[in-house]
Amino acid sequence: MASCLVCCIIVTSLFTSLSFASAQQGRAFFAFGDSLVDSGNNDFLATTARADAPPYGIDFPTHRPTGRFSNGLNIPDIISENLGLEPTLPYLSPLLVGERLLVGANFASAGIGILNDTGFQFLNIIHIYKQLKLFAHYQQRLSAHIGKEGAWRHVNQALILITLGGNDFVNNYYLVPYSVRSRQFSLPDYVTYIISEYRLILRAV
Ligand SMILES: *[C@@H]1O[C@H](CO)[C@@H](O)[C@H](O)[C@H]1NC(C)=O
């Protein structure tokens, strides 16, 4: 039951963003969310939620861990590939400068959820509202590079992927028996609550 609901939320996010339409040359791509789409941000953070050791990355072209929570490519990589774009770099990567800003950026951070308290046990991770702040910062940097109007147009034509919700179950509601959230809400009420919080996040993007 719970895992089905998680899937629904994730799939809904995929559809929300992918409905932004057709691929274009030179279009930017931005990813927000959790470990399903984190392309390495947590490697730059003091957190226990990390994918920096084998077998992560064993099927990646370099056969090395990249910070992706995957043996190989992750969902954003496959989307980039299909759009004919380079993979988006983690926003915290020092390599994300100059022309590479035009490709977009990946703001995702493993362990986070819709709720601010989800993933607290992982210490320093980038919660979703912080990801949106970093996105604003990215836009300032892009403006400095290509001008305010160009940056506005580039961001408005971009594809955005948001994948959130799984950790609100596995790393919050079901984290321990009698968790705070499970004492506070029945499962159906919890689902209603996180969907209402998700709506606020989507409005803030
Ligand atoms: C989560 O944190 C953000 C940013 O600090 C805040 O604006 C928001 O109201 C918080 N949400 C809840 C439900 O507390």
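**Thr47, Val155 and two packed helices**

Me: The side chain of Thr47 reaches the backbone oxygen of Phe122 at 2.6 Å. What makes this a polar contact?

Reply: A polar contact is a pair of N or O atoms within 3.5 Å; within protein, one must be able to donate a hydrogen and the other to accept it, and residues adjacent in sequence count only if both atoms are side-chain atoms. The distance from the Thr47 side chain to the Phe122 oxygen is 2.6 Å, so it falls within the 3.5 Å limit. The model is a predicted one, in which local features need pLDDT of at least 70 and side-chain atom pairs pLDDT 80 or more, while totals for chains, interfaces and linings use all residues. Residues are numbered from 1 along each chain as its sequence is written, and side-chain values use heavy atoms, without hydrogens or water.

Me: Where is Thr47, and why is it called buried or exposed?

Reply: Thr47 sits in the loop between β1 (29-33) and α2 (75-83); helices (H or I, at least four residues) and strands (E, at least two) are DSSP runs, numbered from the N terminus. Buried means under 20% relative accessible area, exposed over 50%, and partly exposed in between (1.4 Å probe, protein chains only). Thr47 has 7%, so it is buried.

Me: How do you know which class Val155 and Ile75 belong to?

Reply: Val155, in helix α4 (residues 148-156), has a relative accessible area of 11% and is therefore buried. Ile75, in helix α2, has 34% and therefore counts as partly exposed.

Me: What does Val155 touch?

Reply: Not counting residues up to four places away in sequence, Val155 touches Phe30, Phe135, Tyr138, Gln139 and Leu142. Contact means heavy atoms within 4.5 Å.

Me: Why are α3 and α7 called parallel or antiparallel?

Reply: Helix α3 (residues 128-146) and helix α7 (residues 187-204) pack at about 5 degrees, with axes 11 Å apart. Axes are lines fitted to C-alpha atoms, for helices over the stretch in contact, and angles run from 0 to 180 degrees between N-to-C directions. Under 35 degrees counts as roughly parallel, over 145 as roughly antiparallel, 65 to 115 as roughly perpendicular and the rest as oblique. The two helices are therefore roughly parallel.

Me: Which residues meet there, and of what class are they?

Reply: Ile128, Tyr129 and Leu132 in α3 meet Leu200, Ile201 and Ala204 in α7. By class there are 6 nonpolar, no polar and no charged residues. Ala, Val, Leu, Ile, Met, Phe, Trp, Tyr, Cys and Pro count as nonpolar, Asp, Glu, Lys and Arg as charged, and the others, Gly among them, as polar.
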